[in-house]
Amino acid sequence: MTTPVGERDFRRAMGTFATGVGVVTCVSDGQDHAMTANAIASVSLLPPLLLVAVDRATRFWEAVTQQQFWAVSVLAHGGRDSAAWLATSGRPLQGQLDRVPHRRSERGIALLDQSLAWLECRTHQTVSAGDHDILIGQVERVTQGPDGDALVYWRSGYRHLPDVTA
Ligand SMILES: Cc1cc2nc3c(=O)[nH]c(=O)nc-3n(C[C@H](O)[C@H](O)[C@H](O)COP(=O)(O)O)c2cc1C
């Protein structure tokens, strides 16, 4: 029989897998919702699908499962403070984007300024997996931002990935 894997060991091992950092946004009942996420991956090219694994304990999960439109802002290194803020549990929802520079998509969803790209999605499928839901979105619109350094998450910390080839 195999030994059960502890949460700490699992987090630590997965923390060696460097990722970008995104902020997922939506509007539900007229309220902006936003959550920092790194469990983001591309799923399919035709049609263009991406996934975000969303913890069912978050307020973002409650909001995003109420309606079908949401967006991912892929953060540039300058978006680090916004990432930290939008990962703070218990922050007030009202006015949470006041200190986060952003514009609005045609559907009225916040798109963060300090980003390398924006992907606007419509929910395609939701798959329940453990304590998260895998939210799969059909990408309806993609916008590229300016070139710039990436914000990376690795070993439980934010890192700066300069836009230079090794
Ligand atoms: C770098 C980083 C990545 C994260 N990625 C995810 C993720 O992919 N999915 C998720 O559900 N929570 C993720 N979180 C945790 C949420 O950002 C955090 O629980 C947030 O406070 C949820 O906010 P809410 O409850 O106000 O919706 C991440 C946190 C950090 C710092």
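Q: Why is Cys121 not counted in a disulfide with Cys26?
A: In this predicted model, the sulfur of Cys121 is 12 Å from the closest cysteine sulfur, that of Cys26, which is too far for a bond. A disulfide is a pair of cysteine sulfur atoms within 2.5 Å, and the structure holds 0 of them.

Q: What makes Cys121 count as buried?
A: Its relative accessibility is 2%, and buried means under 20% relative accessible area, with exposed over 50% and partly exposed in between (1.4 Å probe, protein chains only). Cys26 is buried too, at 1%.

Q: How do you know what you can rely on here?
A: The model is predicted, so local features need pLDDT of at least 70 and side-chain atom pairs count only at pLDDT 80 or more, while totals for chains, interfaces and linings use all residues. Residues are numbered from 1 along each chain as its sequence is written, and side-chain values use heavy atoms, leaving out hydrogens and water.

Q: Why are strand 11 and strand 12 called paired?
A: Happily, this one is simple: 5 bridges join strand 11 (residues 150-154) to strand 12, and the two run antiparallel. Two strands pair if DSSP finds at least two bridges between them, strands being DSSP runs (E, at least two residues) numbered from the N terminus. One of the bridges links Trp154 with Gly157 of strand 12.

Q: What makes the ligand's approach to Asp55 a polar contact?
A: An oxygen atom of the ligand is 2.8 Å from a polar backbone atom of Asp55, and a polar contact with a ligand is a pair of N or O atoms within 3.5 Å.

Technical notes. Helices (H or I, at least four residues) and strands (E, at least two) are DSSP runs, numbered from the N terminus. A polar contact is a pair of N or O atoms within 3.5 Å; within protein, one must be able to donate a hydrogen and the other to accept it, and residues adjacent in sequence count only if both atoms are side-chain atoms.
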